[in-house]
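Me: I would like to go through this protein one question at a time. Please give the reasoning before each answer.

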Amino acid sequence: MFGAASDAMVFDRAALDVPFVTADGGAFAHVLGGLEQRIRAGEGFPAFVGEVCVAIARQLSEGRQPSVAAVAGRVNLSTRTFQRRLRELGTSFQEQLARVRRTTAGRLLIATDLDAVAISMLVGFVEPNSFARAFRHWESTTPTRWRDQQVGDHRIHEGSLS
């Protein structure tokens, strides 16, 4: 583009530690509140797993990567004890991270007009392609097609009520 051999943007490594601040923080706050309500109501998993999910969601809402150490700190446990408790409950940090990402991505797709790239960043993916692959694994379709399907289903249900 500027006479270089290839097009590239290079950022300082420290830039990755800066929280991602969205232009629409209200959308994420709305999703987080709904997630916390569902967890407190008892979504069929142990209370500790609910706490972990809320801690992961809070990390994401602040634009921070939800690492094992960061989430363990949020629930006031050492990393080792945190991982042991999850293991005792038959789950792992990665499973709960995927659960929160899936739930949050779905809610953002339905409740906002944000594109898949913005949503991928909001749910903590560094690469949009990684989000697209994960979403296809979760829902067997792309985020855009899933959104279109959900909106279509919503319209069908609204129409049947009248």
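Me: In the protein chain, what share of the contacts with a separation of 6 or more comes from residues 24 or more positions apart?
Reply: The model is a predicted one. Among contacts with a separation of 6 or more, the part asked about belongs to residues 24 or more positions apart. That share is 56%.

Me: How many helices and how many strands does the protein chain have?
Reply: Read from the N terminus on, the elements run α-α-α-α-α-α-α-α. The totals are eight helices and zero strands.

Me: What percentage of the residues in the protein chain is buried?
Reply: Buried means under 20% relative accessible area. The protein chain has 162 residues, and the buried ones make up 33%.

Me: How much area does the protein chain expose, and what part of it do carbon and sulfur atoms supply?
Reply: The exposed area of the protein chain is about 10300 Å². Carbon and sulfur atoms supply 52% of it.

Me: What distance does helix H5 reach from its first C-alpha to its last?
Reply: Helix H5 covers residues 93-111, which is 19 residues. At 1.5 Å a residue, 27 Å is expected. The helix comes close to that, with a reach of 26 Å.

Me: Is Gln96 buried or exposed?
Reply: Gln96 lies in helix H5. Buried residues of H5 include Phe93, Leu97 and Val100. Gln96 touches Val49, Val52, Cys53, Ile56 and Thr91, leaving aside residues up to four places away in sequence. Its relative accessible area is 4%, so Gln96 is buried.

Me: Is Val126 buried or exposed?
Reply: Val126 lies in the loop between helix H6 (116-122) and helix H7 (128-139). Exposed means over 50% relative accessible area. Val126 has 60% relative accessibility, so it counts as exposed.

Me: What distance separates the C-alpha atoms of Val126 and Gln65?
Reply: Along the chain, Val126 and Gln65 are 61 residues apart. In space, their C-alpha atoms are separated by 9.3 Å.

Me: What kind of aromatic pair do Phe48 and Phe82 form?
Reply: The structure holds seven aromatic pairs. For Phe48 and Phe82, the rings are 6.1 Å apart centre to centre, with 65 degrees between the planes. Planes over 60 degrees apart count as edge-to-face. The pair of Phe48 and Phe82 is therefore edge-to-face.

Me: Why does the pair of Phe48 and Phe82 tie together parts that are apart in sequence?
Reply: Phe48 lies in helix H2 (residues 47-61), while Phe82 lies in helix H4 (residues 79-88). Phe48 is buried at a relative accessible area of 6%, and Phe82 is buried at 0%. Because the two residues lie in these two helices, the pair ties together parts that are 34 residues apart in sequence.

Me: What kind of pair do the rings of Phe135 and Trp138 form?
Reply: The ring centres of Phe135 and Trp138 are 6.2 Å apart, and the planes stand at 65 degrees, so the pair is edge-to-face. Both residues lie in helix H7, three residues apart, about one turn of the helix. Phe135 is buried, with a relative accessible area of 1%, and Trp138 counts as buried at 14%. The name asked for is edge-to-face.

Me: Which residues form one aromatic cluster?
Reply: Phe135 and Trp138 appear again here as members of one aromatic cluster. The full cluster is Phe125, Phe131, Phe135, Trp138 and Trp146.

Me: Over which ring does the charged end of Arg101 sit?
Reply: The charged end of Arg85 sits over the ring of Phe48, 4.1 Å from its centre. For Arg101, the distance from the ring centre is 4.1 Å, and the ring is that of Phe125.

Me: How many residues apart in sequence are the parts tied together by Glu139 and Arg102?
Reply: The structure holds four salt bridges. The side chains of Glu139 and Arg102 meet in a salt bridge at 2.9 Å, N to O. Glu139 lies in helix H7 and Arg102 in helix H5, so the parts tied together are 37 residues apart.

How values were computed
Residues are numbered from 1 along each chain as its sequence is written. This is a predicted model: local features need pLDDT of at least 70, side-chain atom pairs count only at pLDDT 80 or more; totals for chains, interfaces and linings use all residues. Side-chain values use heavy atoms; hydrogens and water are left out. Helices (H or I, at least four residues) and strands (E, at least two) are DSSP runs, numbered from the N terminus. Buried means under 20% relative accessible area, exposed over 50%, partly exposed in between (1.4 Å probe, protein chains only). Rings of Phe, Tyr and Trp (its six-membered ring) pair if their centres lie within 6.5 Å; planes under 30 degrees apart count as stacked, over 60 as edge-to-face and the rest as tilted. A charge sits over a ring if NZ of Lys or CZ of Arg is within 6 Å of the ring centre and within 35 degrees of the ring normal. Contact means heavy atoms within 4.5 Å. Accessible areas come from the Shrake-Rupley method with a 1.4 Å probe; for residues, only the protein chains shown count as cover. The expected span of a helix is 1.5 Å times one less than its number of residues.
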